[in-house]
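Colleague: Hi! Could you walk me through this one, starting with one of the helices?

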Amino acid sequence: MATDNNHSPFQTRVGFLGNPNSADPFKFWRVVPWTDANLQRLKDLGFNTIQVNVAWGPRPNDEPLNLEDVVELPPDLAAQYPQVVPLNCDPSPERRQQRRADVRQRSEACHRLGLRTIFHFGAPYNNHMRYGDGPPNCISDDKVLRRYALMLESFARDFPEVDDILVYTYDQDAWLCSEFGPCPRCLGIPLHERLPHFLEGLATAWQGKRPVGRLWWEPWELSAGQVYACIPRLRPELFGLSVHANVAEVMATHPADRWLKNTASLAADHGLPVIVEYWLGGPCEEQEPLLHLSHPLVTLRGLKAIAAASGVTGIKEYYGLDPDREDPNLRMTGLFLANPAITEAQALEELARPYQAAEADMARFWQLTSHGMELFPWDVAWYVRQIGRSRVDHALSAARIRGMPCRTPSWCSTRATIFLRSYEYFTEDDPWLREDIELRCRMAAEAWGQALSLGEPILANVPEALRLSVERNLLDLGRLRRRALAYAYHFRETNLAQMLREYPEAPAPAHTRSVAELRQCLQADLENYTLEQQADLAAPGLGLLPLFVPAAPQPWQEADDALRLLDQDLPAFLETYLNIGPVNLVGGGPAQSAQDQKAGFIPLLASTAEKGLFSVSSR
Ligand SMILES: [Zn+2]
């Protein structure tokens, strides 16, 4: 593949290896070995910089997430500047040595291949949101800043092949004092008046040891206003910004919102480079563990939208890549990096070429899969990105849309410009909101259904070397489609039950119609579940994830019972099923485990046993 990036709108192009598991701490879905061959593949795709750790909240395979995971101060300094918060990494000396060896080996390999390197960490380490608005490690405490400066100097000495650092100040187990919180140093002082000073301390320490190095700051979890206010306070010779593709998250179908454009433009005016984080391959947090999906037009359109934002100087993979297997989204990224002016038609043609006899059909398949992605309501709430872990045999309590019970400036403010439900609040969903999600889920499922019906007959024409990849793609697409349908049915059932409950004396045509549709919906739900089970049982040998392999078909007893009761006794049905439940159940769900608390961002729905993202499950 051509890799002439002279005309790339992105001077910095950052990749890294691995597909982390966001729900289960310390796990990967797929470990991708840090071999020279894999790094060279990234370079061939157009990447010129590598993040040398898989810095992902649940710490897959105990990858380093904080400086403390790879650096220890000498005993005298450690006594003078103690870290009072217990660490979240495996604290054994063997594991520390291994983490250190990994960072060294990876950064040395990158330099051998002519790639720049970045180490990514969260600071100040406060064990995520465990301490709320007034955590122990306070950025206004000079001793905390001194400790981090000393640790960075040690890090620079110990890892001479690391060029730049990328620092989160919220998340990645970092957390900040709120100006409205209990910290006596920070109370009443806005974040933009405290944070740049702390960051400058880190950046100065880093550049003291690495004169051509840079601190890329990720203003994650800050409100739009706070980010804008911080930018002019960052010295351009020390800093760059690394930012999510919109103010709320990295989302395939929602890149480059008003916030990103303003942030990049303000940064450019001030001389700061800006890297934007996006999904550059197929596997991603929005659909994991469905790792075999492809919708390369979404990738191309996202890259073009980000590149068009004035002031953006780089692009970065957000989740982790596997270049050693067929990934149409990742190949599309490579095509764009090689030729940013490439049209959609040219790109599809080039992308499909290896599929030979199936070339035209694959191009059409990707148009449909991309269309489905763009119709699906990824903007309903953060938790919709757990659709891959949701169950088709959903709970039969009412469908509910969950906000995020995580108090940060962004969750409590600007994120609501992207997510229909952002911070957790205790109101009932409006039926029109449920209908909106239902309709968009149905339309996405329709497009994906067309892609599936196109994909299955063409499998025979796909060259053998690519066939398994297409088979897996079809299998995962079927799963995604059935989950979208399960959401649609569940929302419609909830609305129908609410109407029947609110207007029990409605005249016959309306009443009969609603009961009949409710029955149809439940039957469609049961059929969808049967198809899910058949698909799982019929697809052995495709490297399935354990989550999807049932030992034998299991009846969906609750739905069978519900249908029976609907026929026999409507009032009893409405009393038993599709009920909202008491308000105190909102945000309830299963008990929060210690591991879930640690993961922080998935505090209520980490379990794969959970029955549907939108529902408060009784199981
Ligand atoms: Zn403080």
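Modeller: Happy to. In the predicted model, the buried residues of helix α4 are V144, L145, R147, Y148, A149, L150, M151, L152, S154, F155 and A156. Buried means under 20% relative accessible area, exposed over 50% and partly exposed in between, with a 1.4 Å probe and protein chains only. Helices (H or I, at least four residues) and strands (E, at least two) are DSSP runs, numbered from the N terminus.

Colleague: What do the buried residues of α4 pack against?

Modeller: They pack against α2 (75-80), β5 (116-122), β6 (164-168) and α5 (191-209). Contact here means heavy atoms within 4.5 Å.

Colleague: And how many residues does α4 have?

Modeller: Helix α4 covers residues 142-158, which is 17 residues. From its first C-alpha to its last it reaches 24 Å, close to the 24 Å expected at 1.5 Å a residue. The expected span is 1.5 Å times one less than the number of residues.

Colleague: Before I go on, how is the numbering done, and what is counted?

Modeller: Residues are numbered from 1 along each chain as its sequence is written. This is a predicted model, where local features need pLDDT of at least 70, side-chain atom pairs count only at pLDDT 80 or more, and totals for chains, interfaces and linings use all residues; side-chain values use heavy atoms, with hydrogens and water left out.

Colleague: New topic: which peptide bonds are cis?

Modeller: One cis bond joins A123 and P124, with omega about 0°, and P124 sits in the loop between β5 and α4. Another joins E288 and P289, with omega about 5°. P289 is in the loop between β9 (274-278) and α8 (296-307).

Colleague: Which residues have a positive phi without being glycine?

Modeller: N61 has a phi of about 50°, and L578 has one of about 55°. Most residues other than glycine have a negative phi, and most peptide bonds are trans.

Colleague: Where are N61 and L578, and is each buried or exposed?

Modeller: N61 is in the loop between β4 (49-51) and α2, and N61 is partly exposed because its relative accessible area is 42%. L578 lies in the loop between α16 (570-576) and α17 (594-599). With 2% relative accessibility, L578 counts as buried.

Colleague: Back to the loop between β9 and α8: what does L280 touch?

Modeller: Leaving out residues up to four places away in sequence, L280 touches V14, F47, T299, L303, I315, K316, E317, L321, N329, L330 and T333. L280 has 0% relative accessibility, so it counts as buried.

Colleague: What about cavities, how many are there of 30 Å³ or more?

Modeller: The count is eight cavities of 30 Å³ or more. On a 1 Å grid over the protein atoms alone, a cavity is a set of points where a 1.4 Å probe fits but cannot get out, and lining residues have an atom within 4 Å of a point. Grid points are joined across faces, edges and corners, and a volume is the space filled by probe spheres set on the points.

Colleague: Tell me about the second largest cavity. What lines it?

Modeller: The second largest cavity holds about 100 Å³ of space. It is lined by 15 residues, and the closest to its centre are H292, E326, P328, S469 and N473. Helix α13 (residues 464-502) gives the largest share of that lining, three residues.

Definitions and conventions: On a 1 Å grid over the protein atoms alone, a cavity is a set of points where a 1.4 Å probe fits but cannot get out, and a pocket is an open set with protein on both sides within 12 Å along at least five of seven lines; lining residues have an atom within 4 Å of a point.
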